[in-house]
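This report describes one protein chain, from its overall build down to a few individual residues. Please keep the sequence and the model at hand while reading.

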Amino acid sequence: MLNLEFRDRQFDGVVDVLSSTHLPFDLHQRLYREVYRVLKPGGRFFSYHPGDRSYSFQHSGSTLYDQYTVTDIINERAPYSRNGLMCFLPLEECRRLLFEADFNDVRIERIGRTYDDGQIYFEFLSVDAGK
């Protein structure tokens with residue numbers, strides 16, 4: 001996903017559903033620039049990405065790879081445990097990275113869901129960004 005084998009301005013839309021979360025934070029900027037490259041003018045980027053308010057980030061039981069990325073979620077109670085490296089973006093950092101990649105129309109909504117009968121909160125960032 002960091003080196004898409006497509007020509008510039010080829011797609012009307014690009015969709016990411018929980019794939020980019022497996023990139024460390026420092027590679028998200030590169031990903032967003034690559035997505036921007038392959039989008040046609042007026043194209044849209046849609047992403048569904050874990051947010052930093054998630055229990056799984058705050059209570060991963062693991063070490064941090066960087067400030068927003070855990071090496072793994074070893075807390076068995078946490079959603080997505082044993083799923084490997086996962087990045088949990090703060091909404092404003094996500095917005096900043098998208099604008100720095102030249103996206104201009106950026107909309108991000110927090111979507112939450114609970115697990116364990118409402119005791120555990122998991123946040124997703126629903127991203128809609130236009131070229």
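The text below takes up the whole chain, then its sheet and cores, then three polar residues.

**Overall build**

The model is a predicted one. The chain contains 3 helices and 7 strands. Read from the N terminus, the order of these elements is β-α-β-α-β-β-β-α-β-β. The C-alpha trace spans about 45 × 25 × 20 Å along its principal axes. The radius of gyration is 15 Å, which agrees with the value near 14 Å for a compact globule of 131 residues.

Of the 131 residues, 46% are buried. The chain exposes about 6700 Å², and carbon and sulfur atoms supply 48% of this area. Among contacts with a separation of 6 or more, 63% are between residues 24 or more positions apart.

**The sheet of strands 3, 4 and 5**

Three strands form an open sheet in the order 3-4-5, and their pairing is antiparallel. Strand 3 (64–66) and strand 5 are at the edges, each with a single partner strand, so one side of each has no neighbour in the sheet. Strand 4 and strand 5 are joined by 2 bridges. Thr 69 is placed opposite Cys 87 of strand 5.

**Nonpolar cores**

Which residues have the most contacts inside the largest nonpolar core? They are Tyr 32, Phe 45, Cys 94, Leu 98, Phe 103 and Ile 108, in a core of 24 residues. Two or more residues each are given to this core by helix 1 (25–38), strand 2 (39–50), helix 3 (91–100), strand 6 (105–115) and strand 7. Helix 1 supplies the largest share, 5 residues. A second core, separate from this one, has 10 residues, including Ala 78, Met 86, Ile 120 and Phe 122.

The buried residues of helix 1 are Phe 25, His 28, Gln 29, Leu 31, Tyr 32, Glu 34, Val 35 and Val 38. The elements covering them include strand 1 (11–17), strand 2, strand 3, strand 4, strand 5 and helix 3.

Ile 108 can serve as an example of packing in the largest core. Apart from residues up to four places away in sequence, Ile 108 touches Leu 91, Cys 94, Arg 95, Leu 98, Leu 125, Ser 126 and Val 127.

**Glu 123 and Ser 54**

Glu 123 belongs to strand 7 (residues 120–130). Is Glu 123 buried or exposed? Its relative accessibility is 0%, so Glu 123 counts as buried. Beyond residues up to four places away in sequence, Glu 123 touches His 49, Pro 50, Gly 51, Asp 52, Arg 53, Ser 54, Arg 110, Ile 111 and Gly 112. Two polar partners of the Glu 123 side chain are the side chain of Arg 110 and the backbone nitrogen of Asp 52.

Ser 54 sits in the loop between strand 2 and helix 2 (55–58). Ser 54 also counts as buried, because its relative accessibility is 0%. A polar atom of the Ser 54 side chain lies 2.9 Å from the backbone nitrogen of Glu 123, and the backbone oxygen of Gly 51 is likewise 2.9 Å from a polar atom of that side chain. With residues up to four places away in sequence left out, Ser 54 touches Phe 88, Tyr 121, Phe 122 and Glu 123.

**Asp 72**

Asp 72 is in the loop between strand 4 (69–70) and strand 5 (86–87). At 17% relative accessibility Asp 72 counts as buried, because the limit is under 20%. Its contacts, neighbours within four places in sequence aside, are Ser 60, Ser 62, Arg 82, Asn 83 and Gly 84. The Asp 72 side chain also reaches the backbone nitrogen of Asn 83. Asp 72 and Gly 112 are 40 residues apart along the chain, and their C-alpha atoms are separated by 21 Å.

**Polar contacts of the three residues**

The table lists the side-chain polar contacts described above, with their distances.

| Side chain | Partner | Distance |
|---|---|---|
| Glu 123 | side chain of Arg 110 | 2.8 Å |
| Glu 123 | backbone nitrogen of Asp 52 | 3.4 Å |
| Ser 54 | backbone nitrogen of Glu 123 | 2.9 Å |
| Ser 54 | backbone oxygen of Gly 51 | 2.9 Å |
| Asp 72 | backbone nitrogen of Asn 83 | 3.2 Å |

Conventions
Residues numbered from 1 in each chain as written. Predicted model: local features only at pLDDT ≥ 70, side-chain atom pairs only at ≥ 80, totals over all residues. Heavy atoms only, no water. Helix = DSSP H or I, 4+ residues; strand = E, 2+ residues; numbered from the N terminus. Buried < 20%, exposed > 50% of the residue type's maximum accessible area, 1.4 Å probe, protein only. Polar contact = N/O pair within 3.5 Å; in protein donor to acceptor, adjacent residues only side chain to side chain. Contact = heavy atoms within 4.5 Å. Core = buried A, V, L, I, M, F, W, Y, C linked by side-chain atoms within 4.5 Å. Rg over C-alpha atoms; globule rule 2.2 N^0.38 Å. Areas by Shrake-Rupley, 256 points an atom, 1.4 Å probe, with all protein chains shown as cover. Pairing = 2+ DSSP bridges.
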